[in-house]
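Reader: I have a structure in front of me and would like to learn how to read its features one by one. Could we start with how two packed helices are described?

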Amino acid sequence: MRTWRRVLLSLAASALVFPACRGTSSIVRPPLQPSPEPIRTIAVAPACGAFGNAVAERLAKTGTSVIYTDGSRTLLSTLHLSDSTMLEQSTRAALHRQGISAVLTLAAWYQQPGDGKPDSVKVRVVSTLNGADVAGVGWTNGLGNTYSLEDPTMRSTPSAAALVIGDDLSKQLH
């Protein structure tokens, strides 16, 4: 009888602990269109910041030429265009004439204060030729039980997330 009580108490304790834990990070790919031409040069949208540059750095290691955020901002300024118009047809056409095949955009959401680790990230690689999404990733961070010992090990840092996202985008583009 005592062993049944222990088993039941163990199961009850597990039922309380495990639902609070969500697994490690996950990736979802949105519907994409194949690029009508090879993606050789990607410009990182200036609003992507350091996180976008880190993802692009991973792409650069696989042979894709990258224009990082500062270079993109300078190029847009030279063309008398603004950062906010980067995905508009006229800006994409001007970038295409400059030899840029695609634009990388990244948006990250942070909810846990002081954590510094993203909860989710959405990355798109948009063709400058036709405006189609030629690669993309929806990444979600893992969660442990908030403020518990599992949380730091379950949640990825931006640099770790950038490696995973960059590798996945590279597979899509090559």
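Author: In general, two packed helices are described by the angle between their axes and by the distance between those axes. In this predicted model, the crossing of H2 and H6 is right-handed. The axes of H2 and helix H6, which covers residues 158-173, come within 8 Å and cross at roughly 45°. That angle makes H2 oblique to H6, because angles from 65 to 115 count as roughly perpendicular and those under 35 degrees as roughly parallel, while this one belongs to neither group.

Reader: Which residues of H2 and H6 make the contact?

Author: On the side of H2, the contact is made by Phe51, Ala54, Val55, Arg58 and Leu59. On the side of H6, the residues include Pro158, Ala161, Ala162, Leu163, Ile165 and Gly166, and also Leu169 and Leu173.

Reader: How should I read the strands, and what is the order of the strands in the open sheet?

Author: The general idea is that strands of a sheet pair through backbone hydrogen bonds, either parallel or antiparallel. Here an open sheet of six strands has the order E1-E6-E5-E4-E2-E3, and its pairing is mixed. The edge strands are E1, residues 26-28, and E3, residues 65-67, each of which pairs on one side only. Neighbouring strands of this sheet are turned by 20° against each other on average, with direction ignored.

Reader: Which strands pair in the antiparallel sense over seven bridges, and which run parallel, joined by three bridges?

Author: The antiparallel case is that of E5, residues 120-127, and E6, residues 133-140, which pair over seven bridges. Within this pair, Val121 has Trp139 of E6 as its bridge partner. The parallel case is that of E2 and E3, which are joined by three bridges, and there the bridge partner of Ile42 is Val66 in E3.

Reader: Which helix packs on the sheet?

Author: Helix H2, residues 49-60, packs on the sheet and touches E2 (41-44), E3, E4 (102-109) and E5. The direction of H2 makes about 135° with that of E4.

Reader: Where do the side chains of a strand such as E2 point, and are they buried or exposed?

Author: In a regular strand the side chains alternate between the two faces of the sheet. In E2, Thr41 and Ala43 point one way, Ile42 and Val44 point the other way, and all of them are buried.

Reader: What can I learn from a single residue in a strand, for instance Ala135 in E6?

Author: One can ask how much of the residue is accessible and what surrounds it. Ala135 lies in strand E6 and has 0% relative accessibility, so this residue counts as buried. Leaving aside neighbours within four places in sequence, Ala135 is in contact with Leu32, Val123, Arg124, Val125, Leu169, Gln172 and Leu173. The C-alpha atoms of Ala135 and Val123 are separated by 8.3 Å, and these two residues are twelve residues apart along the chain.

Reader: What about residues in loops, such as Glu37 and Ser35 in the loop between E1 and E2?

Author: Glu37 is found in the loop between E1 and E2 and is partly exposed, with a relative accessible area of 23%. Not counting residues up to four places away in sequence, Glu37 touches His96, Ser101 and Leu129. Although Glu37 and Ser101 are 64 residues apart along the chain, their C-alpha atoms are separated by 8.0 Å. Ser35 has its place in the loop between E1 and E2 as well, and is partly exposed, with a relative accessible area of 25%. Ser35 and Ala132 are 97 residues apart in sequence and 7.7 Å apart in space, C-alpha to C-alpha.

Reader: And what does the phi of His80 look like?

Author: As background, most residues other than glycine have a negative phi. The phi of His80, however, is near 60°, a positive value in a residue other than glycine. His80 lies in the loop between H3 (69-78) and H4 (89-97), and with 74% relative accessibility this residue counts as exposed.

Reader: Finally, how many helices and strands does the protein chain have, and what share of its residues is buried?

Author: The secondary structure comes to six helices and six strands, and from the N terminus on the elements run α-β-β-α-β-α-α-β-β-β-α-α. Of the 174 residues in the protein chain, 38% are buried. Among contacts between residues at least 6 apart in sequence, 64% join residues at least 24 apart.

Definitions and conventions: Residues are numbered from 1 along each chain as its sequence is written. This is a predicted model: local features need pLDDT of at least 70, side-chain atom pairs count only at pLDDT 80 or more; totals for chains, interfaces and linings use all residues. Side-chain values use heavy atoms; hydrogens and water are left out. Two strands pair if DSSP finds at least two bridges between them. Helices (H or I, at least four residues) and strands (E, at least two) are DSSP runs, numbered from the N terminus. Axes are lines fitted to C-alpha atoms, for helices over the stretch in contact, and angles run from 0 to 180 degrees between N-to-C directions. Contact means heavy atoms within 4.5 Å. Buried means under 20% relative accessible area, exposed over 50%, partly exposed in between (1.4 Å probe, protein chains only). Angles under 35 degrees count as roughly parallel, over 145 as roughly antiparallel, 65 to 115 as roughly perpendicular and the rest as oblique. A crossing is left-handed if the near helix is turned anticlockwise from the far one by less than a right angle, and right-handed if clockwise.
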